Amino acid sequence: MAITYVTLENADIYMATKLDGSQWAGITTSSAKNVYLYEATRRIANIPFINIPDVDDEGAYPQPLQDATCEEALALLTFGDNIHAQNQNMNIKSVSFGSDSVSYTEGTPRPIYSGLAMQMLNEYIQRGLDIV
């Protein structure tokens with residue numbers, strides 16, 4: 001079984017408190033919800049220079065990490081198939097098809113979709129590294 005930073009039960013509770021949590025409630029199976037939680041966890045774990053803390057005595061990850069996982073799962077549910085979000089994350093500047101084109105603002109590609117999740121994870125990102 002894959003590991004997630006938040007249990008399905010806690011994710012359901014978190015999503016129930018969100019204004020935009022109705023999309024999550026619309027997923028009818030636990031296995032489908034877990035797919036989003038697993039993918040959110042994988043993406044967070046792959047953020048460069050992230051220092052994931054250990055679980056506490058109850059076997060839970062810190063609350064900000066659990067909340068960020070929920071936010072990224074919700075973002076994946078909302079934007080996961082959105083080609084424009086994918087293009088921006090791949091740092092594509094513009095796309096043209098015949099006379100139609102789309103331009104994207106410049107910026108650093110993000111390893112995750114949710115800006116709110118990234119803010120929640122800020123304390124776990126290593127800013128300076130000791131070189132020995």
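The exercises below, each with a worked solution, concern a predicted model of a protein.

**Exercise 1. Overall layout**

State how many helices and strands the protein has, and give their pattern along the sequence.

Solution.
- Step 1. The secondary structure consists of 6 helices and 2 strands.
- Step 2. Along the sequence, these elements follow the pattern α-α-α-α-α-β-β-α.

**Exercise 2. Burial, surface and contacts**

Give the percentage of residues that are buried, the accessible surface and its carbon and sulfur part, and the percentage of contacts that join residues at least 24 apart.

Solution.
- Step 1. The protein has 132 residues, and 34% of them are buried.
- Step 2. The accessible surface is about 8500 Å², and carbon and sulfur atoms account for 53% of this area.
- Step 3. Taking contacts between residues at least 6 apart in sequence, 68% join residues at least 24 apart.

**Exercise 3. The nonpolar core**

Identify the residues that touch the most other members of the largest nonpolar core, and the element with the largest share of this core.

Solution.
- Step 1. The largest nonpolar core has 28 residues, and W24, I44 and L121 are the ones that touch the most other members.
- Step 2. Two or more residues of this core come from each of α1, α3, α4 and α6 (115-121).
- Step 3. Helix α4 provides the largest share, 7 residues.
- Step 4. Take I44 as an example: leaving aside residues up to four places away in sequence, I44 touches Y5, I50, I52, L65, A68, T69, E72, I112 and L121.

**Exercise 4. The aromatic pair**

Classify the ring pair of Y5 and Y61 as stacked, tilted or edge-to-face, and place both residues in the chain.

Solution.
- Step 1. The structure contains 1 aromatic pair.
- Step 2. The ring centres of Y5 and Y61 are 4.9 Å apart and the planes stand at 75°, so the pair is edge-to-face. The cut-off needed here is that planes over 60 degrees apart count as edge-to-face.
- Step 3. Y5 belongs to the segment before α1 (8-16), while Y61 is in the loop between α3 (30-45) and α4 (63-79); the two are 56 residues apart, and the pair links distant parts of the chain.
- Step 4. Y5 has 8% relative accessibility and is buried. Y61, with a relative accessible area of 18%, is buried. Both assignments rest on the cut-off that buried means under 20%.

**Exercise 5. A charge over a ring**

Find which ring lies under the charged end of R43, and give the distance to the ring centre.

Solution.
- Step 1. The ring is that of Y113.
- Step 2. The charged end of R43 sits over this ring at 5.0 Å from its centre.

**Exercise 6. The environment of K33**

Describe the salt bridge between D12 and K33, and decide whether K33 is buried or exposed.

Solution.
- Step 1. Side chains of opposite charge can pair when their charged atoms come close.
- Step 2. In the salt bridge of D12 with K33, the closest N and O atoms are 3.0 Å apart.
- Step 3. D12 is in helix α1 and K33 in helix α3, so the bridge ties together parts 21 residues apart in sequence.
- Step 4. K33 is buried, at 12% relative accessibility, whereas D12 is partly exposed at 28%.
- Step 5. Not counting residues up to four places away in sequence, K33 touches L8, D12, W24 and I27.

**Exercise 7. Further salt bridges**

State how many salt bridges the structure holds, then locate the partners in the E71 and K18 bridge and in the E39 and R42 bridge.

Solution.
- Step 1. There are 5 salt bridges in the structure.
- Step 2. E71 and K18 form one with an N to O distance of 2.8 Å.
- Step 3. This pair links distant parts of the chain, with E71 in helix α4 and K18 in the loop between α1 and α2 (22-25), 53 residues apart.
- Step 4. E71 is buried at 6% relative accessibility, while K18 is partly exposed with a relative accessible area of 22%.
- Step 5. In the salt bridge between E39 and R42, the closest N and O atoms are 2.5 Å apart.
- Step 6. Both E39 and R42 lie in helix α3, 3 residues apart, which is about one turn of the helix.
- Step 7. E39 is partly exposed at 23% relative accessibility, and R42 is partly exposed at 44%.
- Step 8. Through shared partners, salt bridges join K18, D20 and E71 into one network.

Technical notes. Residues are numbered from 1 along each chain as its sequence is written. This is a predicted model: local features need pLDDT of at least 70, side-chain atom pairs count only at pLDDT 80 or more; totals for chains, interfaces and linings use all residues. Side-chain values use heavy atoms; hydrogens and water are left out. Rings of Phe, Tyr and Trp (its six-membered ring) pair if their centres lie within 6.5 Å; planes under 30 degrees apart count as stacked, over 60 as edge-to-face and the rest as tilted. Helices (H or I, at least four residues) and strands (E, at least two) are DSSP runs, numbered from the N terminus. Buried means under 20% relative accessible area, exposed over 50%, partly exposed in between (1.4 Å probe, protein chains only). A charge sits over a ring if NZ of Lys or CZ of Arg is within 6 Å of the ring centre and within 35 degrees of the ring normal. Contact means heavy atoms within 4.5 Å. A nonpolar core is a set of buried Ala, Val, Leu, Ile, Met, Phe, Trp, Tyr and Cys residues joined through side-chain atoms within 4.5 Å. A salt bridge is a side-chain nitrogen of Lys or Arg within 4 Å of a carboxyl oxygen of Asp or Glu. Accessible areas come from the Shrake-Rupley method with a 1.4 Å probe; for residues, only the protein chains shown count as cover.
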